[in-house]
Amino acid sequence: MGPGLITGASDDDPSGIATYSQAGAQFGFSLGWVILFSLPLLCAIQEVSARIGRVTGRGLAGVIKLHFPRPVLVLLVGLLVVANTINLGADLGAMAAALKLLIGGPQLAYVAAFGLASVLLEVFMRYSRYVSVLKWLTLSLFAYVAVAFVVKTPWSTVGYHLLTPNIAFEAKYLTMVVAILGTTISPYLFFWQAEEEVEEVKERAGAIPLIRAPDQAKSEFQRIRIDTYVGMAFAHLVALFIIISTAVTLHAHGVTDIQTSAEAALALKPIAGPFVFLVFALGIIGTGLLGLPILAGSAAFALGETFGWHVGLARKPRRAPAFYATIAVATLVGIGLNFSAIDPIKALFWSAVVNGVVATPIMVMMMVLSSSKKVMGDFTLPTGLKLVGWAATAVMALASIGMFATWGT
């Protein structure tokens with residue numbers, strides 16, 4: 001297990017937890033089907049991104065740069081960096097709010113501490129050790145699985161709603177469907193997984209980009225598929241359990257107005273008890289520690305390859321100063337957002353809007369690149385993966401249209 005597991009787990013960051021909590025609190029079990037529906041789509045598009053990185057030995061931005069107009073890439077990467085930075089700030093705020101709920105104290109000080117700790121670890125810890133830390137942090141997601149089993153969950157009802165979805169063609173319902181899809185299939189995940197495949201090639205003895213070492217292809221594609229599918233299934237399982245937990249507790253007791261993950265944790269305390277509150281709050285902190293470096297790192301990878309910098313977490317800071325500076329600046333701006341008068345909920349909304357705008361064109365580029373013999377040599381996508389990848393792209397395009405269609409509702 002490697003890039004796929006970490007990428008999948010990072011999808012359940014505190015901002016994602018807030019979205020899934022809102023879905024469970026407002027609509028009960030009726031939106032669980034969206035998680036199951038999006039799973040094969042995310043698996044396919046993440047496998048495509050991993051294949052691009054492993055075959056070419058370049059990150060996603062580096063490959064796009066070679067085959068598409070530079071201004072298009074600069075615009076998309078610029079929007080990605082903005083969205084990631086806003087998301088990073090929101091995650092820092094959620095982690096600090098969760099810690100304040102647990103032990104009290106100054107929330108803004110916690111924001112700064114979490115942000116600075118994340119930067120120091122990402123910049124100065126050796127890559128192989130750092131990846132190990134990220135893998136261990138994925139265990140924090142089991143907190144949400146535990147919550148669903150601690151509260152009394154009617155599993156037969158859950159199963160019924162998963163298999164027979166009752167889709168409501170109403171603005172609020174459709175807006176939440178779009179929000180879940182946008183939270184689940186996010187552009188930063190594409191860039192991160194492709195880049196981590198490149199990092200793995202640099203770190204593993206004997207590993208060579210597959211376009212120059214075709215004999216490694218069979219075992220590597222098998223590893224990528226298992227790693228990616230397990231990682232994405234894990235992330236979706238956790239998302240589903242968050243919806244279930246908040247449906248059983250908050251929705252069942254009429255608590256439907258949840259804006260942040262910390263609010264969800266606090267609302268759980270009088271309903272589900274202090275233990276569930278504790279586990280839920282600790283989960284926010286753990287997933288945040290996993291999500292922060294990936295949001296900052298994916299932005300730095302994309303920006304670095306766009307402008308031709310030396311990039312890579314395996315490099316020493318003096319060998320990739322602009323890359324590490326981007327990580328630091330993105331995190332510091334995220335910290336600063338919490339000290340400003342900007343409404344974090346509105347900022348996160350605009351982050352979702354930007355992600356929705358960016359995701360579809362990047363996915364189109366990925367599908368075109370991964371189907372091209374000029375780019376992938378003999379390792380263009382198999383037919384099944386190509387079909388599901390294009391289906392995922394179409395769904396995200398429709399979700400983006402839906403986002404604008406339900407604007408202000």
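These are my notebook entries on one chain and a handful of its residues.

**Entry 1: the model**

I noted at the outset that this is a predicted model. I checked the confidence next. The mean pLDDT of the chain is 85. I found that 96% of its residues reach 70 or more. Which elements mark the two ends of the confidence range? Helix H7, residues 127-137, has the lowest mean pLDDT, at 72. Helix H15, residues 321-339, has the highest, at 93.

**Entry 2: the fold**

I looked up the secondary structure. The chain has 18 helices and zero strands. I then asked how its radius of gyration sits against the value for a compact globule. For 409 residues the globule value would be near 22 Å. The chain has 20 Å, so the two agree. I took the spans of the C-alpha trace along its principal axes as well. They are about 60 × 45 × 40 Å.

**Entry 3: contacts, burial and surface**

I turned to sequence separation. Among contacts with a separation of 6 or more, 82% join residues 24 or more positions apart. Of the 409 residues, 58% count as buried. The chain exposes about 16000 Å². Carbon and sulfur atoms supply 69% of that area. I also looked at the charges. There are 26 positive and 21 negative ones. Their mean positions lie 7 Å apart.

**Entry 4: helix H12**

I picked two residues here. Helix H12 covers residues 217-249. Thr-228 lies in it, and Ala-235 does too.

Is Thr-228 buried or exposed? Its relative accessible area is 0%, so Thr-228 is buried. I listed its contacts, setting aside residues up to four places away in sequence. Thr-228 touches Gly-4, Cys-43, Gln-46, Glu-47 and Gln-193.

Ala-235 has a relative accessible area of 1%. That is under the 20% cut-off, so Ala-235 is buried. Which residues does Ala-235 contact, leaving aside neighbours within four places in sequence? They are Gly-8, Ala-9, Asp-11 and Asp-12. I also took one distance from Ala-235. Pro-270 is 35 residues away in sequence. Its C-alpha is 28 Å from that of Ala-235.

**Entry 5: helix H8**

I went on to Val-145, in helix H8, residues 142-150. Its relative accessible area is 14%, and therefore Val-145 is buried. How far apart are the C-alpha atoms of Val-145 and Ile-242? I got 7.6 Å, for residues 97 apart along the chain.

**Entry 6: helix H3**

I chose Leu-36 in helix H3, residues 32-56. Its relative accessible area is 41%. Partly exposed runs between the 20% and 50% cut-offs, so Leu-36 is classed as partly exposed. I paired Leu-36 with Ile-224, 188 residues apart in sequence. Their C-alpha atoms are 21 Å apart in space.

**Entry 7: helix H15**

I came back to the helix with the highest mean pLDDT. Ala-325 has its place in helix H15. What is the relative accessibility of Ala-325? It is 36%, so Ala-325 counts as partly exposed. I set Ala-325 against Arg-51, 274 residues apart in sequence. In space they are 28 Å apart, C-alpha to C-alpha.

**Entry 8: recap**

I closed with the residues by class. Thr-228 is buried, as are Ala-235 and Val-145. Leu-36 is partly exposed, and so is Ala-325.

Note on methods: Residues numbered from 1 in each chain as written. Predicted model: local features only at pLDDT ≥ 70, side-chain atom pairs only at ≥ 80, totals over all residues. Heavy atoms only, no water. Helix = DSSP H or I, 4+ residues; strand = E, 2+ residues; numbered from the N terminus. Rg over C-alpha atoms; globule rule 2.2 N^0.38 Å. Buried < 20%, exposed > 50% of the residue type's maximum accessible area, 1.4 Å probe, protein only. Contact = heavy atoms within 4.5 Å. Areas by Shrake-Rupley, 256 points an atom, 1.4 Å probe, with all protein chains shown as cover. Lys, Arg positive; Asp, Glu negative; His and termini not counted. Charge placed at Lys NZ, Arg CZ, Asp CG, Glu CD. pLDDT = per-residue confidence, 0-100.
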